[in-house]
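Q: Please zoom in on a single part of this model for me. I'd like to start from one residue and then see how its surroundings link up with everything else.

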Amino acid sequence: MKIDKEISHPIHPQHRLKLEYTEIPFNCDGCKEAGIGYKYSCKRCEFDLHKTCGAAAPTITHPFYRKCDFQLHYQPPGREMRICDACRKDVLGFVYHCKRCGFDLHPCCANLPQVLDDGEHNLYLCLKLSSSCHRCGGKGAGWCYRTQCKSYNLHVSCVKELLVESWQAMYLNVDKNKVREMQTRIPSLKGTLKNHHHVHRSGKGGGKVSKCCEMAGGAVRIIVSAILGDPTALIAAVVGGFMSK
């Protein structure tokens, strides 16, 4: 897909927006969600759009909602508060909305890959969890990514929360004691999966399960890259720090 290095956008008509890359978190003036990596920016006005929001198509379809036709809205339609059906976060700006069915998707969520491939393993985007989310421990609504063995699930919303908390610690000078407490609450992914599968390792299929456990250490990094669109050294460092606790 061709990516324009400079665009005009209806919500910022006074200046053209230039494509640039940043490893400093920003708030998208389109969907109002956090971003990092490629963005369309107007430095004179401190105006930023996710690359996905800046290049969002007027209409889309999605394999999870085959009967839906999603239309792009620059503001949430209607008077009621709307929630993204992918990440379960409030819709505050740009949104894909299906008028017939009532579903809503942030543009970045609508563009999440169905399959993530790190070169050795696949993670699959699912409409519902097959087991508890590894971070929050719940089975609440919202999309998730899962491993092939179906025993590792992570809400898209939980990855977003982890990122926001991490960025607050790094850029907004959050209390260091609070950061340490937050890090303690996030379990070691490798250790938890190792214990979860310990009983099965000696039986048939143990090798396959073991490989699934081994790749869990990198799963969050891959999901983060998909959510934000760009893998960066910053993200790897942040997530790696949480997972080593």
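**Starting from one cysteine**

A: Cys-53 counts as buried, because its relative accessibility is 1% and the cut-off for buried is under 20%. Keep in mind as we go that this is a predicted model.

Seeing a cysteine, you might look for a sulfur partner. The disulfide count here comes to 0. For Cys-53, the nearest cysteine sulfur belongs to Cys-31 and is 3.8 Å away. A disulfide needs the two sulfur atoms within 2.5 Å, so this pair doesn't qualify. Cys-136 has a similar story: it is in no disulfide, and the nearest cysteine sulfur, on Cys-133, is 3.7 Å away. Is Cys-136 buried or exposed? It counts as partly exposed, because its relative accessibility is 45%.

Now for the strands at the start of the chain. Four of them make an open sheet in the order S1-S2-S3-S4, and the pairing is antiparallel. At the edges sit strand S1 (6-9) and strand S4 (47-50), each of which pairs on one side only. On average, neighbouring strands in this sheet are turned by 50° against each other, direction ignored. Look next at strand S2 (residues 12-27) and strand S3 (residues 34-42): they run antiparallel and are joined by 7 bridges. To find one of those links yourself, pick out Tyr-21, whose bridge partner in S3 is Tyr-38.

His-12 is a good residue to click on here, as it belongs to strand S2. Where does a relative accessibility of 4% put His-12? It counts as buried, because 4% falls under the 20% cut-off. Setting aside neighbours within four places in sequence, His-12 touches Leu-17, Cys-42, Cys-45 and Phe-47. Remember Cys-42 from that list, because Cys-42 comes back in a core below.

Move along the chain and you meet another open sheet. Its 4 strands come in the order S5-S6-S7-S8, with antiparallel pairing. The edge strands are strand S5 (59-62) and strand S8 (104-105), and each pairs on one side only. Inside this sheet, S6 and S7 run antiparallel and are joined by 3 bridges. His-73 stands opposite Val-95 of S7.

That brings us to the packing. In soluble globular proteins, nonpolar side chains tend to be buried together. The largest nonpolar core has 23 residues, and Leu-105 and Trp-143 touch the most other members. Strand S6 (65-73), S7, helix H2 (107-110) and strand S10 (122-126) each give two or more residues to this core. S6 gives the most, with 4 residues. Beyond its neighbours within four places in sequence, Leu-105 has contacts that include Phe-70, Val-95, Ala-110 and Trp-143. There is also a second, separate core, made of 11 residues, with Ile-7, Phe-26, Cys-42 and Leu-49 among them. So Cys-42, which His-12 touches, is part of that second core.

Further on, S10 pairs with strand S11 in the antiparallel sense over 4 bridges. S11 is also joined to strand S12 (residues 153-155) by 3 bridges, again running antiparallel. Tyr-145 is a handy landmark: Leu-125 stands opposite Tyr-145 in S11, and Tyr-145 stands opposite Leu-154 in S12. In a regular strand, side chains alternate between the two faces of the sheet. Strand S11 (residues 144-147) lets you see this: Cys-144 and Arg-146 point one way, Tyr-145 and Thr-147 point the other way, and all are buried. S11 and S12 form a hairpin with 5 residues between them, and Lys-150 in the turn has a positive phi of about 65°.

Last, how far can you lean on the picture? The mean pLDDT of the protein chain is 74, and 63% of its residues reach 70 or more. Confidence is highest in strand S7 (residues 95-97), at 98, and lowest in helix H5 (residues 189-197), at a mean of 36. Over residues 178-217, pLDDT stays under 50, and the model has 45 contacts beyond four places in sequence for them. Residues 231-245 also stay under 50, with 36 such contacts.

Definitions and conventions:
Residues numbered from 1 in each chain as written. Predicted model: local features only at pLDDT ≥ 70, side-chain atom pairs only at ≥ 80, totals over all residues. Heavy atoms only, no water. Pairing = 2+ DSSP bridges. Axes fitted to C-alpha atoms, helices over the stretch in contact; angles between N-to-C directions. Buried < 20%, exposed > 50% of the residue type's maximum accessible area, 1.4 Å probe, protein only. Contact = heavy atoms within 4.5 Å. pLDDT = per-residue confidence, 0-100. Core = buried A, V, L, I, M, F, W, Y, C linked by side-chain atoms within 4.5 Å.
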